[in-house]
Amino acid sequence: MTFSTEDEETIQAIANLMVRHIDRQTSTPKQRDQHPKQHGCLRARFCIEPYLWEQLPEAYRVGLWQRPQTYDAWVRFSNFQDQDDAKGDVHGMAIKVLPPKSTHVSSDPGIQDFVLLDSPVFFMNDIQPYLELFQILDLKTALTDPEAINPPASNKLTLLLQLIYRFCKFLFPSAQPNKWRLREFGTLIYAKASKKIRKLSSPLDQTYWSTTPYKIGAENAAVKYIVRPSVANHTPKPKRYTANYLREALSERLTHQRETARFDFYVQLKSNPTSKELNDTTTEWRNVPEFKIATLIIPPQDFYPDQQPAFGETFAFTPWHCLPDHQPLGTINHIRQQVYQLTSERRNALNASEMAVVSSKPPQELPLRSPAEQHPLTVIVPIRTGAVDALRDTLEPIGAAVHTPNNPYFAQSPSTHLARWVILDAPEQDVPPHLLFSCCYDGPFTDYMQELVATIGSQMDPVWQHCVGYTPNLCQDVEVFTRFIRDHSFAAQAFYVSCRGVSVQDIRNAKTLRQQIDNLAQNHAAALAPPLTAMAPLVPARSPDPGLPAWLLPWLPRLRKIALLGQPLVNIFPKIN
């Protein structure tokens, strides 16, 4: 998109106003002109799962969507303007996707930024009204400091009159009603008012929109992004709306409750968009095909130590920090390109000199590979001609070993919840025989493939060698084996998780604990049994078992209750493991 000289001057004027607002700040570090209040800058994982990726039309599998992969990321939640959360405001979510094998330092530029609002539309869609609105906001700010504007105002009455004049001119720039900006102003007022009336419970319990369109490859198509929270993110309303209650909601879930938060990342795909559809950000796209393409996972973390606010401020989020296949489209995004760059450079230059004593270290290092990211895998491969009987002979001892204490197959894989091989053979329906492999596993797909090769790679070879397209020892090469499995895998139509968010290791630990409690209860059953009611007043209490520590006796009834409550959990272990 090209702008006239007049438009370029207008964009420069917008940037100057934002830079002046940054210069006025007395706080250290200098905050952003837009979205200055940070609730948290969080470690996350951006997971493009194979079964989601397959649903995206092949022509649009470009850039970040080129292949299934899991990336590390940072997520920043913020307020649009207000420092006091209790006042209600428009809120932002910014996602910075990091390159593979990133070191996670604050200087890492990442490979793709997503900038989103909890409103489906933006409040402005042209350059001139954008400038005029920021001139109004500048005058509003200057009312508290008349010396801050250039030239300085003689008194506040002069500023107030200028503010009223500019506001009226903004609403009614012409005598022609079709040029009035009541709709744009109404969009802004509605967004602010709705947030004041219906305050968020938590930044994790809200949908976010990009509001502006983006390229998706070289095709004549555009996308908008929507990030929807998982139903498991639901957060009750707070008892009190304090100035920092949104930050406290993040801390309660991620730090105190140690609960993972998840978001579903969608693209709205529009083919052959018109110029109006690309430039009018005040209108929501409706009845447009949507594709869930990724899952954003925010693991439990101590995300707000003393120095993390400074760390979060070192990041710059802009739609123009992107891969070529995802470049921003439309007028508003092109205004952002210059304005964001100039304001970011100014803020960073000021902070470099004023933040010498303020640490910008990232928050506590945490493992991002959450073991509770559960995924299904379904693989169907044709069986070689005449190899069905040999394959059946191979699978029979594997099936017989499933219930042995230490079976030599998937019990060695610490991420496998369940796994099965099944021969699909229906000669009466004239269908050639196939081998079905299905499993449920923890963590990213590529990590799971590496784990299978490392733990049971050679033991899978006698099974897969009966299948078409498989060569001997292929399962000992991670890259080749991963490609083989991916080429023959199918997306799950439904995926039920009985213990959502619980890893294989967590289940095994719970099983071990239950067995230990049962053994303790059985060994000291006499101490746990209640005395006869009739004999209670006459018979003295039993002396404690000399083999049982006296300090443990008061806890035995509680342990017994835990053992009883854990019975349903133990019953499912043979099915899972």
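In this text, helices (H or I, at least four residues) and strands (E, at least two) are DSSP runs, numbered from the N terminus. The model is predicted, so local features need pLDDT of at least 70 and side-chain atom pairs count only at pLDDT 80 or more, while totals for chains, interfaces and linings use all residues. Residues are numbered from 1 along each chain as its sequence is written, and side-chain values use heavy atoms, with hydrogens and water left out.

Q: How many bridges join strand β7 to β8?
A: Two strands pair if DSSP finds at least two bridges between them. Strand β7 covers residues 221-229 and runs antiparallel to β8. The number of bridges joining β7 to β8 is nine.

Q: Which residue in β8 stands opposite P229?
A: Strand β7 ends at residue 229 in the range 221-229. Across from P229, in β8, stands F263.

Q: How many of the 11 residues of strand β8 are buried?
A: A residue is buried under 20% relative accessible area, exposed over 50% and partly exposed in between (1.4 Å probe, protein chains only). Strand β8 spans residues 261-271, and it is largely enclosed by the rest of the structure because of its count of buried residues. That count is 10.

Q: In β9, which residue is the bridge partner of Y266?
A: Strand β9 comprises residues 290-298 and runs antiparallel to β8, with eight bridges joining the two. One of the pairs links F265 with A294 in β9. For Y266, the partner in β9 is K292.

Q: Over how many bridges do strand β1 and β9 pair?
A: Strand β1 takes in residues 37-48, and its pairing with β9 is in the antiparallel sense. In this region C47 has T295 of β9 as its bridge partner. The number of bridges between β1 and β9 is three.

Q: How many of the nine residues of β9 are buried?
A: Strand β9 has bridges to β8 and also to β1. It is mostly covered, and its number of buried residues is eight.

Q: What distance separates the end C-alpha atoms of helix α3?
A: Helix α3 has 16 residues, 127-142, which at 1.5 Å a residue should span 22 Å. The expected span is 1.5 Å times one less than the number of residues. The distance in the model agrees with this expectation, at 23 Å.

Q: Which residues of α3 are buried?
A: Helix α3 runs over residues 127-142. Its buried residues are I127, P129, Y130, L131, E132, L133, F134, I136, D138, L139 and A142.

Q: How many disulfides does the structure hold?
A: A disulfide is a pair of cysteine sulfur atoms within 2.5 Å. Two cysteines have 0% relative accessibility and so count as buried, namely C467 and C475. The number of disulfides in the structure is zero.

Q: How far apart are the C-alpha atoms of F437 and T378?
A: F437 has its place in strand β12, residues 431-442. Its relative accessibility is 2%, so F437 counts as buried. Along the chain F437 and T378 are 59 residues apart, whereas the separation of their C-alpha atoms is 5.9 Å.
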